[in-house]
Amino acid sequence: MTPIPLQIGILGSTGSIGQNTLRVIDRFPGRFRVTALAASRNVDELAPQVRKYHPEVVAVVDATHGDALRAQLGDYSGRILIGADSLCEIAAWPSIQTLVVAVVGFAGAAPTLAAIDAGKNIALANKETLVAAGAVVMPRARQRSVTIAPIDSEHSAIWQCLRAGAHQEVRRIILTASGGPFRNRPLETFATITPAEALDHPTWRMGPRITIDSATMMNKAFEIIEATWLFDLTPDQIDVVIHPQSVVHSMVEYQDGSVIAQLGSPDMTLPIAYALLAPERPKGVTGPQALDLSRANTLDFAPPDPARYPALDLARRALAMGPTACAVLNAADEIAVAAFLDGRLPFTGIVDQIGKTLTAHKPVSDPNFEDIVAADQWARDYVSGHLPGTPAKAVASTR
Ligand SMILES: NC(=O)c1ccc[n+]([C@@H]2O[C@H](COP(=O)([O-])OP(=O)(O)OC[C@H]3O[C@@H](n4cnc5c(N)ncnc54)[C@H](OP(=O)(O)O)[C@@H]3O)[C@@H](O)[C@H]2O)c1
């Protein structure tokens, strides 16, 4: 019997995860219907997607690109939404069953909450949502019986490995990290790392923010926080190990001493397909032999060096301070990464700025979403006001 197509909305369809999601959809004709597509501004990528998939609704967040989208979609009969609120409108779109949240940054949090409130299942790539707002998102998802399926390859791996035992039997999880492009670079040269060097990731092809975050290891710091929320674990149950080949995507250690790992080639289509179809594992997600371990494959593992990767300690600090500190960690990183890419901050300045912002933050206990939004905004202002060359100016308060 042919299954009824699953109706999918994709926020961030023009990005790396968005395009990979459409690749997965193409591999399973009839299994999915693309109901909604949304991007920030890349109309040249979005318009051909609309012509190919005929969604009911399409959105661009950046209103200055609205006219360009309308012009490119002259005879399109669906709805065109423009502006910042359009993502939340799509998130609650009646016919969507599963929403893929693949935008980058804190912009993913409000639409994720809107989707939960509308009872949609979520395939979540946007880790910033859980880093910054996990304290609000996860209880609400549980309350609404909404599934949050992780797309991040490490969390997908953990999600898969957790099927091998009960939650109370888990001793710890082990997140793998490639170590990024500077695993062997002399530490004393880190201040001279250029954006082009940092954007050249050895194993993964991703958007610019996550690529820089992988080079600083802030990405792994975020993944520690993301894992506490997704899997209801304490920070001391989450370890990180350097694994340069990115073949073991992560592991779960059970109390009997067994360690269950998930392996695969570094290809995001696999975790995306699992997030959309789990627990089903259909043929055709990857090629006939996704991973050939008989071909001169060495799998290396090493503990992370704290001097090389100080970002990991920042995650543990933020977790100890509480949810608004985790929101601050993410927002400070968003601003610091943009400043590094613009040449306004050295590579080593990214983690430095985040650490200083965390120190200045006064956590709010038991925050609601408005408190988290306020902490996010405070951190953005704080970092922007403390970038090198910024005239000394008081930042309003230390939330
Ligand atoms: N790439 C990976 O392999 C990977 C793996 C694990 C997790 N993730 C996570 O997945 C998310 C997306 O990553 P990516 O690598 O796909 O990023 P990306 O290639 O930079 O794509 C980002 C997408 O979000 C849209 N966007 C950017 N800013 C936005 C805003 N303020 N409001 C609405 N939409 C916005 C972009 O639209 P325009 O194209 O119009 O700018 C684009 O569609 C991130 O949270 C990342 O951490 C990615």
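**Between two domains: a chat about the ligand shell**

Modeller: Residues of the shell around the ligand come from both domain 1 (6-150) and domain 2 (172-265 + 304-321), so the ligand shell lies between them. Those domain bounds come from an automatic or database domain assignment. This is a predicted model, where local features need pLDDT of at least 70, side-chain atom pairs count only at pLDDT 80 or more, and totals for chains, interfaces and linings use all residues. Residues are numbered from 1 along each chain as its sequence is written.

Colleague: Which residues come nearest to the ligand?

Modeller: Gly12, Gly15, Asn42, Met206 and Gly207 come nearest, out of 29 around the ligand. A residue is near a molecule if its C-beta atom, placed from the backbone, lies within 6 Å of it.

Colleague: Why is histidine 54 called partly exposed?

Modeller: A residue is buried if 20 or more other C-beta atoms lie within 10 Å of its own, exposed if 12 or fewer, and partly exposed in between, with C-beta atoms placed from the backbone. Histidine 54 has 14 such neighbours, so it counts as partly exposed. Histidine 54 also has a positive phi of about 50 degrees although it is not a glycine.

Colleague: And what makes aspartate 366 exposed?

Modeller: Aspartate 366 has 9 C-beta neighbours inside 10 Å, so it falls under the limit of 12 or fewer and counts as exposed. Its phi is positive too, at about 45 degrees, although aspartate 366 is not a glycine.

Colleague: Which peptide bond is cis?

Modeller: The one from alanine 278 to proline 279, with omega near 5 degrees.
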